[in-house]
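Colleague: I am new to this structure. Please take me through the site around the ligand.

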Amino acid sequence: MSRGPQYARPRSLDAAMDLLGSLGAGACVVAGGQELMPVMNYGVFAPTVLVDVNALRELKGIRVDAGALSIGALCVHREIEHHEQVKAHAPLLACALSLIGGGWQVRNRGTIGGNIASAHPLYDVLPPLLALDASVEIRSGAQVRTALLRTVLGDSKHGLGTTALLTRVQIPSPPKPVGWAYEKLKNTQGAYASANCAATVDLHQDGRIARSRIVVGAVQALPLDASEALARLQGEPVTAALLREVERLCADAVTNPLNDQRGDAEYRRAMAGVVARRAFEAAAARARSLTLQFA
Ligand SMILES: Cc1cc2nc3c(=O)[nH]c(=O)nc-3n(C[C@H](O)[C@H](O)[C@H](O)COP(=O)(O)OP(=O)(O)OC[C@H]3O[C@@H](n4cnc5c(N)ncnc54)[C@H](O)[C@@H]3O)c2cc1C
């Protein structure tokens with residue numbers, strides 16, 4: 001009978017890095033365990049040593065640093081969702097976290113760092129963070145680096161969870177408030193998304209689009225940033241025809257759709273467009289009320 005992995009709980013970040021450095025490939029970081037424990041129970045993954053990072057204070061707390069929101073990797077979804085500074089600086093993230101399924105255990109134990117590191121296609125954390133141009137702070141050996149989340153996601157050698165630790169997430173403050181919305185399409189209450197979308201929209205005083213960001217999740221392996229595809233809509237007013245164009249552009253941008261029990265490839269591509277249209281419309285409506293408020 002297998003004895004299972006060994007367990008270590010380093011008390012300092014330096015000790016954790018020394019341990020991860022000496023253990024190599026068999027080590028696995030555990031934070032909330034909400035993803036890791038199920039995959040270990042199913043026998044899909046069998047690390048030799050679990051390195052529990054929950055005692056590391058550098059990975060805790062939420063604060064505003066030089067105008068940017070800084071969230072410790074160990075902060076759990078519920079803590080972030082209800083934090084006043086998150087609600088003020090990044091309401092889009094707070095909204096997305098409020099829609100995470102799995103019940104109270106997941107929301108009270110699952111961490112933002114674990115969610116990012118696992119980069120699961122159906123999760124809700126990456127789309128809002130990408131739409132908000134978030135960066136992540138990564139500790140690797142004695143080195144600390146900060147990189148845009150989108151760059152890290154594109155790097156298959158980031159080593160997160162084995163040789164490297166995600167320590168904090170940083171979200172820059174926008175120069176002025178923008179409209180935002182998060183849409184999650186799911187088959188049943190509390191389920192994973194069949195498609196989700198985080199959008200921000202900034203409008204000129206006359207209601208024309210100044211800038212928009214739109215990131216669709218749960219339709220392909222990594223979130224789809226469709227902001228560039230939508231760039232040509234800048235300067236246009238938000239009309240029903242424009243919203244149909246948002247839907248078409250976002251559906252067309254899906255190149256390699258998922259095909260699973262939540263929907264086949266054709267459905268996922270179509271739903272990418274639907275959630276994008278809904279999120280864009282809701283974000284534009286919020287932007288319009290901000291424009292009126294600050295006129
Ligand atoms: C039933 C259920 C339903 C769920 N539904 C949703 C949902 O609807 N939406 C959603 O977004 N999420 C959902 N989740 C996932 C949940 O939100 C957690 O965020 C996720 O499980 C990972 O966080 P964790 O802290 O539990 O990570 P863990 O399970 O501890 O770790 C996950 C992975 O991340 C690595 N890791 C953890 N922390 C770090 C770190 N600081 N640095 C580097 N690597 C690290 C680990 O090595 C491991 O590979 C669900 C989970 C369950 C069990």
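Modeller: Here is a close look at the ligand site. This is a predicted model, with residues numbered from 1 along each chain as its sequence is written. Local features need pLDDT of at least 70, side-chain atom pairs count only at pLDDT 80 or more, totals for chains, interfaces and linings use all residues, and side-chain values use heavy atoms, with hydrogens and water left out.

Start with the space. The ligand takes up the largest pocket. A pocket is an open set of points on a 1 Å grid over the protein atoms alone, where a 1.4 Å probe fits, with protein on both sides within 12 Å along at least five of seven lines. A molecule sits in it if more than half of its atoms lie within 2 Å of its grid points.

Next, the shell. There are 30 residues around the ligand, each with a heavy atom within 4 Å. V29, Q34, H77, T111 and D124 come nearest. By class, 15 are nonpolar, twelve polar and three charged. Gly counts as polar here. Helix 7 (112–118) gives the most, with four residues. Strand 2 (27–30) and strand 8 (164–171) each supply at least two. Helices (H or I, at least four residues) and strands (E, at least two) are DSSP runs, numbered from the N terminus.

Now the polar contacts, meaning pairs of N or O atoms within 3.5 Å. A polar backbone atom of V29 is 2.6 Å from a ligand oxygen. For H77, a polar side-chain atom lies 2.8 Å from a ligand oxygen. An N or O atom in the side chain of N115 is 3.1 Å from an oxygen of the ligand. The protein covers 90% of the 980 Å² of accessible area that the ligand has on its own (Shrake-Rupley method, 1.4 Å probe).

Terms used: Polar contact = N/O pair within 3.5 Å; in protein donor to acceptor, adjacent residues only side chain to side chain. 1 Å grid on protein atoms, 1.4 Å probe; cavity = no way out; pocket = protein on both sides within 12 Å on 5 of 7 lines; lining within 4 Å.
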